[in-house]
Amino acid sequence: MSRSLAPRRWSLARQLLGLQLTVITVLVCGTLVGAYVQADRAGLDAARQKVLGVAWSVADSPAVRAGLAAADPTAALQPLAERVRGDAAVDFVVIMTTQGIRYTHPDPRQIGGHFLGSIDDAVRGRALTETYTGTLGPSMRAVVPVRSGDQVIGLVSVGITLTSVARDVRNRLPSLIVTAGLALLVAGAGSWLISRWLRRQTHDLGPAELARMYEFYDAVLHAVREGLLLLDRNGRLLLANDEARRLLGLGDAALGRPVDAAGLPGALAEALADGRPRTDEIHLAGDRILVINQASAGEGGTVVTLRDHTDLQALTGELDSVRGFAESLRAQAHEAANRLHTVLSLIELGRPGQALDFAAQELAVAQRLTDRVVGAVREPVLAALLLAKASQASERGVDLVVAPDAEVPEAVLPAGDLVTIVGNLLDNAIDAAVAAPPPRRVEFSAALRDGDVVLRVADSGPGLDPADVARAFERGWSTKPAGGPAGRGLGLALVGQAVHRHGGGIDVDGAVFTVRLHRPSVGAA
């Protein structure tokens, strides 16, 4: 069976259109029947009021009272009754005695006969209306008394046959049918327009297809290992999958709120709220480093993907340190080759004593730095980092000095966090010293105070303006020109994140950065 002939295979829009048209047709037909029945009842009520009014008018006429008193009442009253019947558009006007003997009737053969119907209430002076089958068939009739003073001297009955009432109702039926047809046409057109809109919104898919698509996308949203956010054109958060909620710490209450009021970090919330396309931007969210991509999702909304790069960034920092160390070794190897050539040349010139003094002097300088770093810093990763940074600083014309009393025990803090904190602070300090006039100098010191680890990095640069200290640890803020794939302004933000993770604090006084970190207690997990 083709899809067009199988209602269950119709698209959702087509099924709803068929359902709406069916319901509308049933309602319109029911309304039409109800209107017809109501019109029939209204016709009877109108006939009752009409015959009662005409009957009273006839009964109150002086000509009727005079005719009842005449020698030949029929001769006096029949012309009057027929004239009223024609003028009032009723089917009969019967004037009779209180015993029910007719003086008038549309059929002259019925004059003098007994009236068919109830007259007792009228004889007692009260008007009555009823539906009764008389000589002209079923009719709606009224019977009222004719009074002369306080005495009832006769009766007047006025009636309309039910055939006439039904004819009037049938005459209204075409207008009812036209009205119902117009209502059906308007409702059908509205349903068709709604169906077209719904077809565009649902891409002409059927309920089963939509259900499968929902199940598929719901499974994808829960299974994907990237965070996914969906924002509307006003920046309200419409959807957040499980990974996005985990990375950003979002709850159900965040849905439906503007993204800048959903509890996100300020810089990240501002970035998402502006709706601009973004590619692989790095942002901080609590203790996490997130890579953000943002693109248009149609209808003015945006879709945002989040990737957790916290561990990768830590490994990248350590890799940068290793690369720096390797670069330092390369530079030292180059320098060692130059010195070795110098020593060989002095020996070839017959000056072995000077060659020995030169070699010993250079070796003592390098060894003193190594001994000082290794003796003070028993954490091997940090010691390697300091030696690498010292070599880099030397190549750039900066003297990196490790305080003689520096003390960093082994395993005092996770190596990755130490590399992140010290490495970024030293990089910034070396850059600041290079930009300053000679002498260019960077100092590093460390100590244990009250169970905390206190790290201090100072440089000969101009230092931070006190007004910029708070912003310096925000992602994207930097005093240096942008560069690199992620731009600048990330180093100090990572430092702040690592310090916050250990419940510490950072104090900035010009060009001096002092970091206090809480040292984990012995045996702590």
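This is a guided tour of one predicted chain, moving from the whole model to pairs of helices and then to single residues.

**Before selecting anything**

The model is predicted, with local features requiring pLDDT of at least 70 and side-chain atom pairs counted only at pLDDT 80 or more, while totals for chains, interfaces and linings use all residues. Residues are numbered from 1 along each chain as its sequence is written, and side-chain values use heavy atoms, with hydrogens and water left out.

**The whole chain**

Begin with the full chain in a cartoon view, where 14 helices and 14 strands can be found; helices (H or I, at least four residues) and strands (E, at least two) are DSSP runs, numbered from the N terminus. Of the 525 residues in the chain, 37% are buried, where buried means under 20% relative accessible area, exposed means over 50%, and partly exposed lies in between (1.4 Å probe, protein chains only). Switching to a surface view shows about 28600 Å² exposed by the chain, with 57% of it supplied by carbon and sulfur atoms; accessible areas come from the Shrake-Rupley method with a 1.4 Å probe, and for residues only the protein chains shown count as cover. Among contacts (heavy atoms within 4.5 Å) between residues at least 6 apart in sequence, 53% join residues at least 24 apart.

**Select 12-59, then Ala59**

Helix H1 covers residues 12-59, and Ala59 is in this helix. Ala59 is buried, with a relative accessible area of 1%. Leaving aside residues up to four places away in sequence, Ala59 touches Arg65, Val144, Pro145, Val146 and Val156. A distance label between the C-alpha atoms of Ala59 and Leu155 should read 7.5 Å, although 96 residues separate the two along the chain.

**Select 62-69 and 73-88**

Next, show helix H2 (residues 62-69) together with helix H3 (residues 73-88), whose axes come within 7 Å and cross at roughly 155°. Axes here are lines fitted to C-alpha atoms, for helices over the stretch in contact, and angles run from 0 to 180 degrees between N-to-C directions. H2 and H3 are therefore roughly antiparallel to each other, a term for angles over 145 degrees, while those under 35 count as roughly parallel, 65 to 115 as roughly perpendicular and the rest as oblique. H2 passes H3 in a left-handed crossing, which is one where the near helix is turned anticlockwise from the far one by less than a right angle, a clockwise turn being right-handed.

With side chains displayed, Ala63, Val64, Gly67 and Leu68 in H2 meet Pro73, Ala76, Leu77 and Leu80 in H3. By class, this contact of H2 with H3 has seven nonpolar, one polar and no charged residues; Ala, Val, Leu, Ile, Met, Phe, Trp, Tyr, Cys and Pro count as nonpolar, Asp, Glu, Lys and Arg as charged, and the others, Gly among them, as polar.

**Select Ala89, then Thr98**

Ala89 is in the loop between H3 and strand S1 (92-96), and its phi is near 60°, a positive value in a residue other than glycine. Ala89 is exposed, with a relative accessible area of 53%.

Thr98 is in the loop between S1 and helix H4 (120-123) and counts as partly exposed at 22% relative accessibility. Not counting residues up to four places away in sequence, Thr98 touches Ile119, Val123, Val152, Ile153, Gly154 and Leu155. The C-alpha atoms of Thr98 and Asp120 are separated by 8.9 Å, with the two residues 22 apart along the chain.

**Select 415-435 and 491-501**

Move now to helix H12 (residues 415-435) and helix H14 (residues 491-501), whose axes come within 9 Å and cross at roughly 145°. The crossing of H12 and H14 is left-handed. By class, the contact of H12 with H14 has seven nonpolar, four polar and two charged residues.

Within H12, pick Thr420, which is buried, with a relative accessible area of 16%. Thr420 touches Leu494, Val495 and Ala498, not counting residues up to four places away in sequence.

H14 itself is largely enclosed by the rest of the structure, since nine of its eleven residues are buried; among them are Gly491, Leu492 and Ala493. H14 is followed by Gly503, whose phi is positive, near 65°.

**Last stop: Pro438 and Pro439**

Finally, select Pro438 and Pro439, where the connecting peptide bond is cis, with omega near -5°. Pro439 is found in the loop between H12 and strand S11 (441-449).
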